[in-house]
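Dear colleague,

I am passing on the structure that we talked about, and I would ask you to look at it for a moment before reading my notes on it.

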Amino acid sequence: VLLLSVGMFLLATGCKEKKASSEIIVKQVAEQKISDEPVKMQEYTQSTEVEWKGTTVNCEVVRMPDENKSLVEDERGQKHVDNKITLKITGADGKEFMNRTFGKGDFMAYLDEEYKQGGLLEGIVYDRVQGDTLLFAASVSLPQTDEYIPLVICVMKNGQITISRDVLMDTYGEE
């Protein structure tokens, strides 16, 4: 009987529901220090060979900090150097079809006030050929965030360039 009583007691106390704690433990994140020097994005060069207008062309994109532009300040007060991006398209024979340098100013008509004041020209990349047009994706972003405005640069076979805001999440989707 004694052994049965102890067993019942252990069973009753072992199945007892524990009270939930209302305390939440969160790791403390160290604040990033603001640098006295403006932050610059990494320079890059990207080349892509593409079949276009019955021939192979090379689309080269080069991003460089634009030291001549005013600095952009993020919400913490950190200053950032904006970028300039050169898009050069050359034929297989080496003949230059286009060589243009873009800055954030080229996209101002498509930006809201927050991005006009605090955005950086982040990148331009080759997207695809659509008919007689080369399409490039471009973005103006808020520094050190994932927030950006997607843009499309269209280069037509006659050399004309148009810019628009990309309203499609998937650039390969139906237009």
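Below I describe a sheet, and after that some contacts of aromatic rings.

Please keep in mind throughout that this is a predicted model.

The sheet is an open one of four strands, which follow one another in the order 7-8-9-10 with antiparallel pairing. At its edges lie strand 7, covering residues 120-130, and strand 10, covering residues 161-165, each of which pairs on one side only. From one strand to the next, the twist averages 25 degrees. If you look at strand 9 (residues 148-156), you will find that five bridges join it to strand 10, and that the two run antiparallel; within strand 10, I161 is the residue that stands opposite V155.

Turning to the aromatic rings, the structure holds three aromatic pairs. One of them is formed by W52 and F97, whose rings meet edge-to-face, with 5.2 Å from centre to centre and 85 degrees between the planes. This pair links distant parts of the chain, since W52 belongs to strand 1 (residues 44-52) and F97 to strand 6 (residues 96-102), 45 residues apart.

Are these two residues buried or exposed? W52 has a relative accessible area of 1% and is therefore buried, whereas F97, at 30% relative accessibility, counts as partly exposed because that value falls between the cut-offs of 20% and 50%.

The ring of W52 has a further neighbour to look at, in that the charged end of K53 sits over it, 4.8 Å from the ring centre.

With kind regards

Definitions and conventions:
Residues numbered from 1 in each chain as written. Predicted model: local features only at pLDDT ≥ 70, side-chain atom pairs only at ≥ 80, totals over all residues. Heavy atoms only, no water. Pairing = 2+ DSSP bridges. Axes fitted to C-alpha atoms, helices over the stretch in contact; angles between N-to-C directions. Phe/Tyr/Trp six-rings, centres within 6.5 Å; stacked < 30°, edge-to-face > 60°. Buried < 20%, exposed > 50% of the residue type's maximum accessible area, 1.4 Å probe, protein only. Lys NZ or Arg CZ within 6 Å of the ring centre and 35° of its normal.
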